[in-house]
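Please look at the sequence and the model shown below, and keep them at hand while reading this report.

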Amino acid sequence: GTSDPYVKFKLGGKEVFRSKTIHKNLNPVWEEKAYILIDNLREPLYIKVFDYDFGLQDDFIGSAFLDLTSLELNRQTDVTLSLKDPHYPDHDLGSIFLSVLLAPGDQREAFQTQSLRLSDLHRKSQLWRGIVSVTLIEGRELKAMDANGLSDPYVKFRLGHQKYKSKIVPKTLNPQWREQFDFHLYDERGGIIDITVWDKDVGKKDDFIGR
């Protein structure tokens with residue numbers, strides 16, 4: 001009776017931002033900020049909401065268009081968009097709430113410093129070119145780090161300045177995570193994602209299992 005929603009934003013057919021996934025929630029709160037470079041105001045911002053399905057194709061929940069020409073320059077505008085499905089135009093699919101600020105290009109630096117937070121990004125002036133979506137499924141036959149012959153494993157991912165940490169699965173050598181993490185790519189080459197596995201220890205330093 002719930003969904004695992006996330007949102008894609010597209011301009012001119014190209015994906016320009018993707019939100020994180022919020023699990024088991026029909027009233028998700030994202031509080032994510034994205035800075036998007038607009039070349040043509042007449043090109044509407046296409047917003048699509050999906051339900052994340054592990055191992056299957058994600059379900060389409062609904063979509064909406066934001067007419068950028070309707071926005072006033074340098075004024076933060078709260079927008080409510082009703083989600084629609086072109087195949088079922090009469091269905092009520094919920095709404096999405098955005099706060100939008102349209103600023104001219106020469107104010108870009110000031111605007112970015114104020115409000116950009118793409119995965120707590122440090123290199124604010126760079127626009128990203130793609131997303132790598134990593135799904136952490138499970139671990140098998142990990143090394144026992146505790147006296148009980150088990151571990152409390154979790155995984156850390158790092159790509160440049162972007163860092164993620166999985167949940168801790170207690171007392172197992174064969175953990176099941178089923179978690180998704182999205183990384184932003186800043187050039188065509190990509191980069192190396194550093195993946196490390198740790199055993200959580202209370203009151204002392206966590207044990208390193210492997211990389």
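The report below turns to two sheets and then to two cores.

The model is predicted, and local features need pLDDT of at least 70, side-chain atom pairs count only at pLDDT 80 or more, while totals for chains, interfaces and linings use all residues. Residues are numbered from 1 along each chain as its sequence is written, and side-chain values use heavy atoms, leaving out hydrogens and water.

Strands are DSSP runs of E with at least two residues, numbered from the N terminus, and two of them pair if DSSP finds at least two bridges between them.

| Open sheet (order) | Pairing | Edge strands |
|---|---|---|
| 2-1-3-4 | antiparallel | strand 2 (14–18) and strand 4 (59–66) |
| 9-8-11-12 | antiparallel | strand 9 (162–165) and strand 12 (207–210) |

In the sheet 2-1-3-4, strand 1 (residues 5–11) and strand 3 (residues 45–51) are joined by six bridges, and I47 of strand 3 is the bridge partner of F9. In the sheet 9-8-11-12, strand 11 (residues 194–199) is linked to strand 12 by three bridges, and W198 stands opposite F208. Strand 9 and strand 12 each have a single partner strand, so one side of each is left without a neighbour in the sheet.

A nonpolar core is a set of buried Ala, Val, Leu, Ile, Met, Phe, Trp, Tyr and Cys residues joined through side-chain atoms within 4.5 Å, where buried means under 20% relative accessible area (1.4 Å probe, protein chains only). The largest such core has 21 residues, of which F9, L45, I47, L66 and L81 touch the most other members. Apart from it lies another core, of 13 residues, including V134 and W177.

Terms used: Helix = DSSP H or I, 4+ residues; strand = E, 2+ residues; numbered from the N terminus. Buried < 20%, exposed > 50% of the residue type's maximum accessible area, 1.4 Å probe, protein only.
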